[in-house]
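Visitor: I should like a close look at one part of this model, followed outward into the rest of the chain. Please take it step by step.

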Amino acid sequence: MQPGAVDAATKPSGPLNWGEINFLHTSDSHGWLEGHIKERNYGADWGDFVSFTKHMKDKADSKGVDLLLIDTGDLHDGNGLSDATKPNGEITNPIFENIDYDLLTPGNHELIAYDVAYEAFSSFTQVYGEKYLASNLDICKNCQDNEPTEKEWVAMGSRYRHFTTKHGIRIMAFGVILDGTNNNKSMTRIQPAAEMIEEDWFKKAVNTSDLDIFVLIGHNPVKPGIPKAESSFPLLMETLRKARPEIPVQGFGGHTHRRDFHVYDEKSSAIESGKYCDTVGWISLDGITSKSISRRATKPELPSTSGNDADLVNVDETICPKNKTFKMDLTRRYLDWNRLTFSYHASGSQDQLDTASGLNVSQQIDDARSSHNLTHVYGCAPRTYCISCKPSGDEGNVYTLVKDAAAATVVDPNRANKSRMIIVNQGAIRYDLVKGPFTVDDSYIVCPYTNAFKYIPDVPYSLASKVLDYMIEQKTKRKRSMTVDSISSQLLGYDECDNPSTHNATSLLKPKSLFGRVLETDTATPGYTTCDDLGNDGDDTPHSTIPDYPQQPYVQATAQFPSNGEPDKTDIIFSDFLAGNVVSALNSFKPETEYSTDDVALYLPANFTTNSFIPRYATMAWQDNIDNCKIEEG
């Protein structure tokens, strides 16, 4: 682990079931290769994971079974280690490459900036070759310097991979990114899955004769019916199963930052495995027959656990019912990302976990954090501020902190005497702010986005006072237009682009994956408590649930208001991409003169962004105990 990181105190509930073919799955790491230094449940770093995968590969070899490593994208945006360089990922990509993945596919965060996308194409994909799948994604090969007259579009990776495992299982794999997640359409393009399945190459691949299983990976939610993130998986599963009903399909998804497992039919399913290096997904499969080899002679003795690991956790099907149609001999587990978990499953002892390559990677991470000043302390956070474990307005709610910090720091000295209202969208905050040293790294973790602050000056308060409620109402109306299941999906963290955290589950809905911290060691500690299509026995380490409260999509800070009464006029300040929303809100109240984006101007220098205001606040308000600031071990 990294210096100062705290280790878990609660070990897994029991050993993993091993099948004829097994999978370890990661997704949405977003640069968190240092691990969660301040959080016990997830304190391992990428070096620990390198050691873990080496031991697990050796264990698979000793059992005479296959183990494949899979990643489903989003390696950037969310941590100082990845975001403090240009291009983003300059440090983290080479560190990530120390894992010899068998199948990978890009996420939407590999596409947002062209320098990131082009580096992924020209360098990262070359490391993995045919293992890097981009079945429906192209990149403009000649666009890196300017806008060419004629673009040269090429596949970002391999369209598919057909291979045979060490122990003879014949696999056809596809990697499909979610439709509609491309924010950089001039330089990358996503082919809708409905079009891709009509391509000749796809039909030929599907009908390859020597197959035992389809493996479908992709930066895709595994649940169908997700507004703004409509998964391609249901269509792809249906297509594969109709074409080859005798062949099972195992999927690996991502994008929605949660633990989940979904059953499509009796022989097809898919798993999602958390985010930010907090989860490793595990799948074991038995009964995958192959005409090319005899399974009976080589199949190892396996633990007695089977099906859905029902002997490990008491499954209450009245609370979390299982899908009874699923017929595959499969187990799934969600492993907490810590050394105690890794050593328990891989080597049996933390003293035996480390490998030379793993230790080397941990040292690389430590050196990079130091050389890029990520450990510099802005201030000593007096408490933990969470995204949703506290009600809106509570002192421990991070959006309450956002209001205080924005009011104190988002101010143009030339307009400091003007009343101002500052609107920040919920998705600007990506993670909890944990008690203890608030560092450069933490500033990226809590708010990695670098949006400039813009404003409309001197708006009549009679109009300005209605803007926040109008914007919230419009957002709520869009959600109300969805089906009940779709609303649940939104509130449970599917709306990744608006709020990338999975802390959105509301107590009004059936509990899904909830995030928490270890607070005690003698009982089940707060953390993920996952209910999926196989029940509630998937979490490798049992946890207790934690409070989780719905939050408004926007928050508003105010400053320089009269001590009594209201101002006549006020400046409305907001993140640059909200300009259209604010203009629409003002015009909805039919002002004498309509507003337009021409009325919007830069409020502060462009280098003071949404990534800047909380660090600035920390230097102003959190200087007590800065030289003796302790991490809250939880």
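Visitor: In which sense, and over how many bridges, do β16 and strand β22 (residues 569-575) pair?

Guide: β16 and β22 pair in the parallel sense, over four bridges. Two strands are said to pair when DSSP finds at least two bridges between them; helices (H or I, at least four residues) and strands (E, at least two) are DSSP runs numbered from the N terminus. The model is a predicted one, in which local features need pLDDT of at least 70 and side-chain atom pairs count only at pLDDT 80 or more, while totals for chains, interfaces and linings use all residues. Residues are numbered from 1 along each chain as its sequence is written, and side-chain values use heavy atoms, with hydrogens and water left out.

β16 spans residues 420-425, and its other pairing to be noted here is with strand β21 (residues 554-559), in the antiparallel sense over six bridges. Arg420 takes part in both pairings: its bridge partner in β21 is Ala559, and in β22 it is Asp571.

The strand is mostly covered, six of its six residues being buried (under 20% relative accessible area; exposed is over 50% and partly exposed lies in between, with a 1.4 Å probe and protein chains only). In a regular strand the side chains alternate between the two faces of the sheet. In β16 both faces are covered: Arg420, Ile422 and Val424 are buried on one side, and Met421, Ile423 and Asn425 are buried on the other.

Asp571, the partner of Arg420 in β22, also forms a salt bridge with Arg415, the closest N and O atoms being 2.7 Å apart (a salt bridge is a side-chain nitrogen of Lys or Arg within 4 Å of a carboxyl oxygen of Asp or Glu). This pair links distant parts of the chain, for Asp571 lies in strand β22 and Arg415 in the loop between α11 (398-409) and β16, 156 residues apart. Asp571 counts as buried because its relative accessibility is 0%, and Arg415 is buried at 14%.

Further along the chain, helix α15 (residues 579-588) has Ala579, Val582, Val583, Ala585, Leu586 and Asn587 among its residues, each of them buried. Just after α15, Lys590 takes a positive phi of about 55°.

The salt bridge at Asp571 is one example of a wider set, since the count by this rule comes to 31. Arg369 and Glu34 form another, with 3.0 Å between the closest N and O atoms. Arg369 lies in helix α10 (residues 356-371) and Glu34 in the loop between β1 and α1 (46-63), so the pair ties together parts that are 335 residues apart in sequence. Arg369 is buried, with a relative accessible area of 9%, and Glu34 is likewise buried, at 2%.

A further salt bridge joins the side chains of Asp260 and Lys223 (2.9 Å, N to O). Asp260 lies in strand β11 and Lys223 in the loop between β9 (213-217) and α7 (233-243), so this pair ties together parts that are 37 residues apart in sequence. Asp260 and Lys223 are both buried, and they belong to a network of salt bridges that also links Arg258 and Asp533.

The strand of Asp260 leads to a sheet. Six strands form this open sheet, in the order β6-β7-β9-β10-β12-β11 and with mixed pairing. β6 and β11 (259-265) stand at its edges with a single partner strand each, so one side of each is left without a neighbour in the sheet. Direction ignored, neighbouring strands of this sheet are turned by 15° against each other on average (axes are lines fitted to C-alpha atoms, for helices over the stretch in contact, and angles run from 0 to 180 degrees between N-to-C directions).

At the β6 edge, β6 and β7 pair in the antiparallel sense over five bridges, and Thr164 has Arg170 in β7 as its bridge partner. Thr165 is placed in the loop between β6 (160-164) and β7 (170-175). Thr165 counts as buried because its relative accessibility is 8%. Leaving aside neighbours within four places in sequence, Thr165 is in contact (heavy atoms within 4.5 Å) with Ile21, Asp66, Leu68 and Ile171.

Ile21 falls within strand β1 (residues 21-26), which pairs with strand β13 (residues 279-286) in the antiparallel sense over five bridges; there, Asn22 has Ser284 as its bridge partner. Both strands belong to an open sheet of five, ordered β3-β2-β1-β13-β14, in which the pairing is mixed. Helix α9 (residues 339-346) lies across β13 and β14, and runs at about 145° to β14.
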